[in-house]
Amino acid sequence: MQKIWYTFYKGLFEMNPIFKLALSLCPALAVTSTVVNAFAMGIAVTFVLTMNNIVVSIFRNYVNPKVRVPVYITSIATIVTVTQLVLEAYFPAIFQALGIYLALVVVFAIILARAEVFASKNNVFYSALDGFGMGIGFMIAMLLIGSIRELFGSGTLAGISVMPDMYNPALIMILPPGAFLLIGILIGMFNLIGQYQDKAKEEKMQNERMQKLALQRGE
């Protein structure tokens, strides 16, 4: 049970694609000016990550290692194409808003990395869980960035006005420089939290060792 939870949980914080691994930053800069766009891209990437991990895991024993990367990319491209067609048919406004960045999901480093590092070495269940966890971590990061940018840059959240009428939106927040600054600050905060957690774990392990030594001496 602990392994199952860790396989999913690690993508949320410890190996968050954007804030910890600094992968796939292009959409984090380009499509997070609104919460809706950020959420749509997060859903799309989560779907592609999960499905690609499943496909790679199923066929991992049948793929020649020399051609594994082209096979992975072909799988990703197929799933992305299906995602594009579905969005274009049923959510044309979101499809137009995401634009070329939806097609660029094919070359997102995080998707190829999870296929190579994890899915090609694990069974379908754990591969799907890993892809889903990484996708949820990516989506949470996109939503956090998108919420802050839209709130301070437009005074709205998901298109709903939440700031008082007197509020003067900070235009820089919906421009690329604002996204760069915000992502840098959030990465720094995540690193500080990670260092605090690592220190707490180290202290806990040290206390456990001291308790064991004390018990041994008492015996």
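**Salt bridges and overall layout of the predicted chain**

In this predicted model, Arg114 counts as buried because its relative accessibility is 5%, and buried means under 20%. Arg114 takes part in a salt bridge with Asp130, with an N to O distance of 2.8 Å between the side chains. This pair joins distant parts of the chain, as Arg114 belongs to helix 7 and Asp130 to helix 8, 16 residues apart. Asp130 has a relative accessibility of 0% and therefore also counts as buried.

A salt bridge is also formed between Asp130 and Lys10, whose closest N and O atoms lie 2.7 Å apart. Here too, distant parts of the chain are linked: Lys10 is in the loop between helix 1 (2-9) and helix 2 (25-30), whereas Asp130 is in helix 8 (residues 124-154), and the two are 120 residues apart. Both Lys10 and Asp130 are buried. Lys10, Arg114 and Asp130 are thus linked in a network of salt bridges. In general, side chains of opposite charge can pair when their charged atoms come close.

The search of the whole structure finds three salt bridges. Another pair is Glu116 with Arg68, where the closest N and O atoms are 3.0 Å apart. Glu116 is in helix 7 (residues 109-117) and Arg68 is in helix 4 (residues 68-90), so that this pair, 48 residues apart, links distant parts of the chain. The relative accessibility of Glu116 is 25%, and Glu116 therefore counts as partly exposed. Arg68, at 30% relative accessibility, counts as partly exposed. Both assignments follow because partly exposed covers the range between the buried limit of 20% and the exposed limit of 50%.

With regard to the chain as a whole, the secondary structure consists of nine helices and two strands. Along the sequence the order is α-α-α-α-α-α-α-α-β-β-α. The C-alpha atoms fill a box of roughly 70 × 55 × 25 Å along the principal axes.

The protein chain has 219 residues, of which 37% are buried. Of the contacts between residues at least 6 apart in sequence, 75% join residues at least 24 apart. The surface exposed by the protein chain amounts to about 12,500 Å², and 69% of this area is supplied by carbon and sulfur atoms. The protein chain carries 15 positive and 11 negative charges, and the mean positions of the two sets are 10 Å apart.

Technical notes
Residues are numbered from 1 along each chain as its sequence is written. This is a predicted model: local features need pLDDT of at least 70, side-chain atom pairs count only at pLDDT 80 or more; totals for chains, interfaces and linings use all residues. Side-chain values use heavy atoms; hydrogens and water are left out. Helices (H or I, at least four residues) and strands (E, at least two) are DSSP runs, numbered from the N terminus. Buried means under 20% relative accessible area, exposed over 50%, partly exposed in between (1.4 Å probe, protein chains only). Contact means heavy atoms within 4.5 Å. Accessible areas come from the Shrake-Rupley method with a 1.4 Å probe; for residues, only the protein chains shown count as cover. Lys and Arg count as positive and Asp and Glu as negative; His and the chain ends are not counted. The place of a charge is taken as NZ of Lys, CZ of Arg, CG of Asp or CD of Glu. A salt bridge is a side-chain nitrogen of Lys or Arg within 4 Å of a carboxyl oxygen of Asp or Glu.
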